[in-house]
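This report walks through one protein chain, from its overall make-up to single residues. Keep the sequence and the structure in view while reading.

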Amino acid sequence: METTTSSSVSDFDTNPNSNSNSSSSPHTSNSTAFGVNLSPLRVFRYPLSTFLEYSGLLRVRPENPETDLLLPDNPTPNSSESTTSSNGEVSIRIIGSGENDRVRSDDGSVMDGGEREEERGSNVEGSTSSGSGNNRDSSYQRYDIQQVARWIEQFLPFSLLLLVVFIRQHLQGFFVVIWITAFMFRSNDILRKQTALKGERKITVLLGYFLVFMLHISGIYWWNRKDDIFYPLLMVPPKVIPPFWHAIFIILVNDTMVRQAAMTLKLVLLMVYKNGRGHNFRRQGQLLTLVEYMLLLYRALLPTPVWYRFFLNKDYGSLFSSLITGLYLTFKLTSIVEKVRSFLTALKALSIKEIHYGSHATPEQVNAAGDLCAICQEKMNTPILLCCKHIFCEDCVSEWFERERTCPLCRALVRPADLRSFGDGSTSLLFQLF
């Protein structure tokens, strides 16, 4: 005997808070988005958690974080709720006593009640265990993220206060480092633009930049004349053991000022090769590259005296300080060897006078190619024949190979993978701290 009873549940029973929600929704629509309260106080108190909740990585938490309980995203309904469907109907099935013992299976075989219950229990247990396991893992992961976000929110205000105090204690040092860094970036842009002008650059402009750079270097070292920053320039350790942040300051100032001095030397090269074309343009690029690799080698050695004096501190014990100093010098030696090889390669390239990516074209070859450069779209000027049989002006193709290694037309590999060229007048902007 089977009896099915259906009853409709009223809207008030299934959603008792519908009236209150409908009345309060116009009031909260302006301060919530996607279920997240975006009030200024909440954003100020919990900025990271509010962002994670807004992006959907975390569930929306209550206003009081101490009472926030860890709940699974998809809670499993209990036995009393499982019989209620989503549309508000309740279904009840009554099975007779005889039917409870023997039930016909789907494939036609007859099973008794015990086997039927065992099979049903195993299926339900397997499905619920897999679903609950995934929900539990997801809930734990979100809970961990939420705890980390709360810890950062608690630590962030205090860390900001410490940062403000640290900046106030080293205000002059911060001002000097920011100023010389901004000046160096601007100087690098100026030098690259003047290099790109080729024959159009003016001696008076180059001389003016040269004087400004020299005055800037002199002014910075005069301003910090009491900070004992001159000795590392001569590879001599400071007189006294510098504190950590003072050692960083000495290295930053010297590293930036050395690059500024190298830029003044590059300006002199641009004055010498003002009207450089063809062979002179290639030689100018080779000299600029050599100056840059010589600068990289010197900058790799520049922090060594400062860290040597810093690590060789007898207050830590003779054995410990000697061991740390020896390890630092060993690590430094490996990096210096690479810089020496790069410098020697750049010096060797300067001594080679012939063109390593082609040869001078004959008049017959130029006439056969049409006597028109594909780069500048003008008549050939000192034509160069590449290994791929394409012909270009020497000025045009030399500038091209400052950035590329392939033919401008067929993209065949022409220039071997050698050192990076700094023929455009650029300077490495990365700091050498260690």
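Helices and strands are DSSP runs, a helix having at least four residues and a strand at least two, and they are numbered from the N terminus. The model shown is predicted. With those terms in hand, one annotated stretch can be described. An unreviewed UniProt entry marks residues 203-224 as a "transmembrane region". Over residues 203-224 the chain is 95% helix and 0% strand, and the C-alpha atoms at the two ends are 32 Å apart.

**The chain as a whole**

The chain contains 14 helices and nine strands. It has 434 residues, and 33% of them are buried. Contacts can also be sorted by distance along the sequence: of those between residues at least 6 apart, 65% join residues at least 24 apart.

**Three helices and their lengths**

A rise of 1.5 Å a residue gives an expected span for a helix, which can be set beside the distance between its end C-alpha atoms. The table does this for three helices.

| Helix | Number of residues | Expected span | End-to-end C-alpha distance |
|---|---|---|---|
| Helix 7 | 27 residues | 39 Å | 40 Å |
| Helix 9 | 29 residues | 42 Å | 43 Å |
| Helix 12 | 34 residues | 50 Å | 48 Å |

For helix 7 the two values agree, and they agree for helix 12 as well. In helix 9 the reach from the first C-alpha to the last is close to the expected value.

How many of the residues of helix 9 are buried? The count is 21 of 29, so helix 9 is mostly covered. In helix 12, which covers residues 318-351, the buried residues are Ser321, Thr325, Tyr328, Lys332, Ile336, Ser342, Phe343, Ala346 and Leu350.

**The second largest pocket**

Rolling a probe the size of a water molecule over the atoms shows where empty space is left. The second largest pocket has a volume of about 380 Å³. Its lining is made of 16 residues, and His170, Gly173, Phe174, Trp245 and Phe249 are the ones nearest its centre. Helix 6 (113-169), helix 7 (171-197) and helix 9 (244-272) are the elements that each give two or more residues to this lining. Which helix gives the largest share? Helix 7 does, with six residues. By type, the lining of the second largest pocket holds nine nonpolar residues, six polar and one charged.

**Around the end of helix 7**

Gln194 is part of helix 7. Is Gln194 buried or exposed? Its relative accessibility is 9%, and buried means under 20%, so Gln194 counts as buried. Leaving aside residues up to four places away in sequence, Gln194 touches Arg201, Val205, Leu206, Tyr209 and Leu270.

Tyr273 sits in the loop between helix 9 and helix 10 (279-301). It counts as buried, because its relative accessibility is 16%. Tyr273 and Thr195 are 78 residues apart in sequence, while their C-alpha atoms are 9.9 Å apart in space.

**Residues with positive phi**

Most residues other than glycine have a negative phi. Three residues in this chain can be set against that background. Lys198, which follows helix 7, has a positive phi near 55°. Met235 also has a positive phi, near 65°. Met235 lies in the loop between helix 8 (203-223) and helix 9, and it is partly exposed, with a relative accessible area of 34%. Gln377 has a positive phi near 60°. The loop that holds Gln377 runs between helix 13 (363-369) and strand 8 (383-386). Because its relative accessibility is 52%, Gln377 counts as exposed.

**The annotated RING-type domain**

For residues 373-411, UniProt lists "domain: RING-type" in an unreviewed entry. Over these residues the chain is 18% helix and 18% strand, and the end C-alpha atoms are 16 Å apart.

Ala369 belongs to helix 13. With a relative accessible area of 46%, Ala369 is partly exposed. Ala369 and His390 are 21 residues apart in sequence, and the distance between their C-alpha atoms is 7.9 Å.

Key:
Residues are numbered from 1 along each chain as its sequence is written. This is a predicted model: local features need pLDDT of at least 70, side-chain atom pairs count only at pLDDT 80 or more; totals for chains, interfaces and linings use all residues. Side-chain values use heavy atoms; hydrogens and water are left out. UniProt positions are given in the numbering used here, feature names are shortened, and annotations may be inferred rather than shown by experiment. On a 1 Å grid over the protein atoms alone, a cavity is a set of points where a 1.4 Å probe fits but cannot get out, and a pocket is an open set with protein on both sides within 12 Å along at least five of seven lines; lining residues have an atom within 4 Å of a point. Grid points are joined across faces, edges and corners, and a volume is the space filled by probe spheres set on the points. Ala, Val, Leu, Ile, Met, Phe, Trp, Tyr, Cys and Pro count as nonpolar, Asp, Glu, Lys and Arg as charged, and the others, Gly among them, as polar. Buried means under 20% relative accessible area, exposed over 50%, partly exposed in between (1.4 Å probe, protein chains only). Contact means heavy atoms within 4.5 Å.
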